[in-house]
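I opened a notebook page for one protein model and kept two headings, helix packing and pockets. The entries are short.

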Amino acid sequence: MRATDTSDLWWKSAVTYCLDVQTYLDSDGDGVGDLQGLADRIDYLAKLGVNCLWLMPFYPSPHHDDGYDVADFYGVDPRVGTHGELVEVIRTAQDRGIKVIADLLINHTSDQHPWFREARRSKNSRYRDFYVWRDTEPPDTSDQVVFPDEEDSIWTYDERTGEWYLHHFYAHQPDLNVANPAVRDEVMRIAGFWLQLGVDGFRVDAVPFFIEDVETSGDPQGAPADPHDILKELRAFLWRRKGSSMLLGEVNLPFTQQLEYFGGDAGDELTMMFDFVGMQAMYLSLVREDARPMAKALKDRPAIHPSCQWANFLRNHDELTLDKLTESERQEVFDAFGPDPDMQLFDRGLRRRLPPMLDGDPRRIRMAYSLMFSLPGSPSIFYGEEIGMGENLDIPGRLSVRSPMQWDGDRNGGFSTARPSRLTRAVTQDGYAPEHVNVADQQQSPDSLWRFFRELISVRRECHELGWGDFSIIEQDTTAVLAHRCDLEGSSVIAVHNLGADPVTVALTIDGPDDDAVLVDLFEDSRVPLDRGAVTLPLDGYGYHWLRLQPAPQRDRA
């Protein structure tokens, strides 16, 4: 691997940090986070060590779905700032070595978007075919809705034109008809606009839904549509406009179907995808203190094109989705990490952050993040994870994990000088309130979670083997332990994690080293000798090691 490869395909080993501008930092005291506040915190992100910033929607919106109901794909919500301030954020981040990606929402619009307002005025509207309509009453589709507590059908009747329009999400989010070439052209135009303003790529929302729409909706010109053509077109367009740009897709599907969204052997669709299967298996392993579900998920991952990558995560901005587990497995996770019905959502996930789920146990929290960062792929974290923020269950639905960032122990956690009643969202209280959990205190404490994250990110960015290498499980007899390795051009990193509370000693056989090779502990800067490839490692409860395999140093000769 050449040094230029890590630059050209930067997403292969990126550490991504996701944030919502409106809940990150309020610079003008109106209670809403803004781009100027974010610009003032770019140096904080650089100090933490992340090198990819993912911005959740900042577009004009009625905010019925926290900005995911977009009313103008080319605009910036005036509550958070202007195009000029966004460009300042992008320029400042890139000056600090941080790429910037933005949410690209091409499955649906807000019902307040000018396209849809025009489309529902008349069946003859030029924007009518930007959406999917039917003139006969739809069958029962309650089993297809994404939010069963809010909707009972994916079709809603429009009284003005007497037809039903498609929406997989909320009724106020009509689905775009991406089978229509005019819509696809507009998607390319939107992507090109933001690339021109400086973004380095996009996180693509709800990918399978608009792919399914291509299969079921109509092209007004009558041309047949391959469901995956839109992704191929988008990937090709981005690389023509900006060769280093990337597409990170939200595709919560089994591995075999995810492979199709990478473009199969051609690798010409999505650049990256979140590993929902591995994430859910990790939670089952954490509950059982048994590494085998996690090991199986990693073994089941299909090989992908060399230009593509998996994105690993423990939490994100949505509910903790557990839909790939069986009903009994999901119940195990509910019972352990969210036994109160108010902590659960849609009978398939949890609206909680990780630290409260693990009862605030610092050993277990650090082990879980160490494990996630050590997996083959690229790690992604959600704002506040680096300080161990908790959720606010008083905030409805999945927004419970999107409370304001906690910068210090003062009122509103340093997020805003506004009265608490004016905040865009309430600050978390109780044991995870700002007086207990905040950046300022943790930056001053050598043993804090923030310091741990900074070291973890630093070590991870030095381990190109984890982003680029060949992965394998190291077999051993302790079910609580996951041992794996990644090999890249003669260099190897080995990670060993104890998911159990009890101390264990693990005997490993490391294939391939020279007789005088040693294992260098990347966190403790110590050396562990090998005996013809064999090594015995003691692990504390929830203990872990990251080890680089290298030849022993040359001894002085007489």
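Below are my notes on how some helices pack and on what lines two pockets; the model is a predicted one.

**Entry 1: helix 6 and helix 8**

I looked up helix 6, residues 181–196, and helix 8, residues 229–241. Their axes come within 10 Å and cross at roughly 30°. Angles under 35 degrees count as roughly parallel, so helix 6 is roughly parallel to helix 8. I noted the hand of this crossing as right-handed.

Next I listed who touches whom. Helix 6 brings Arg-184, Val-187, Met-188, Ala-191, Gly-192 and Leu-195 to the contact. Helix 8 meets them with Ile-230, Glu-233, Leu-234, Phe-237, Leu-238 and Arg-241. Sorted by class, this contact holds eight nonpolar residues, one polar residue and three charged ones.

**Entry 2: helix 10 and helix 12**

I then turned to helix 10 and its contact with helix 12, which spans residues 327–337. These axes also come within 10 Å, and the crossing is at roughly 60°. Helix 10 and helix 12 are therefore oblique to each other. Their crossing is left-handed.

Which residues make the contact? From helix 10 I wrote down Tyr-283, Leu-284, Leu-286, Val-287 and Arg-288. From helix 12 I wrote down Glu-329, Glu-332, Val-333, Ala-336 and Phe-337. The class count for helix 10 with helix 12 is seven nonpolar, no polar and three charged residues.

**Entry 3: helix 10 and helix 14**

Helix 10 also packs with helix 14, residues 362–374. The angle is about 145° and the axes lie 12 Å apart. I recorded this crossing as right-handed.

On the helix 10 side, the contact is made by Met-282, Leu-286 and Val-287. On the helix 14 side, the residues are Arg-364, Met-367, Ala-368, Leu-371 and Met-372. By class, I have seven nonpolar residues, no polar ones and one charged. Leu-286 and Val-287 of helix 10 are in my list for helix 12 and in my list for helix 14.

**Entry 4: the largest pocket**

How much space lies in the largest pocket? I noted about 630 Å³. Its lining is made of 32 residues, and those nearest the centre are Val-146, Phe-169, Phe-209, Asn-252 and Arg-348. The elements giving two or more residues to this lining are helix 7 (207–216), helix 10 (276–288) and strand 11 (320–321). Helix 7 has the largest share, three residues. The lining divides into 13 nonpolar, seven polar and 12 charged residues.

Helix 10 thus turns up again on this page, as one of the elements of this lining.

**Entry 5: the second largest pocket**

I looked up the second largest pocket as well, and its space is about 440 Å³. It is lined by 21 residues. Nearest its centre lie Lys-12, Ala-303, Ile-304, Gly-469 and Asp-470. Strand 10 (309–312), helix 17 (464–468) and strand 15 (470–473) are the elements that give two or more residues to this lining. Which of the elements gives the largest share? I found helix 17, with three residues. By class, I count 13 nonpolar, five polar and three charged residues in this lining.

**Entry 6: side by side**

For the charged residues I put the two linings next to each other: 12 in the largest pocket, and three in the second largest. For the nonpolar residues I have 13 in the largest pocket and 13 in the second largest.

Notes
Residues are numbered from 1 along each chain as its sequence is written. This is a predicted model: local features need pLDDT of at least 70, side-chain atom pairs count only at pLDDT 80 or more; totals for chains, interfaces and linings use all residues. Side-chain values use heavy atoms; hydrogens and water are left out. Axes are lines fitted to C-alpha atoms, for helices over the stretch in contact, and angles run from 0 to 180 degrees between N-to-C directions. Helices (H or I, at least four residues) and strands (E, at least two) are DSSP runs, numbered from the N terminus. Angles under 35 degrees count as roughly parallel, over 145 as roughly antiparallel, 65 to 115 as roughly perpendicular and the rest as oblique. A crossing is left-handed if the near helix is turned anticlockwise from the far one by less than a right angle, and right-handed if clockwise. Contact means heavy atoms within 4.5 Å. Ala, Val, Leu, Ile, Met, Phe, Trp, Tyr, Cys and Pro count as nonpolar, Asp, Glu, Lys and Arg as charged, and the others, Gly among them, as polar. On a 1 Å grid over the protein atoms alone, a cavity is a set of points where a 1.4 Å probe fits but cannot get out, and a pocket is an open set with protein on both sides within 12 Å along at least five of seven lines; lining residues have an atom within 4 Å of a point. Grid points are joined across faces, edges and corners, and a volume is the space filled by probe spheres set on the points.
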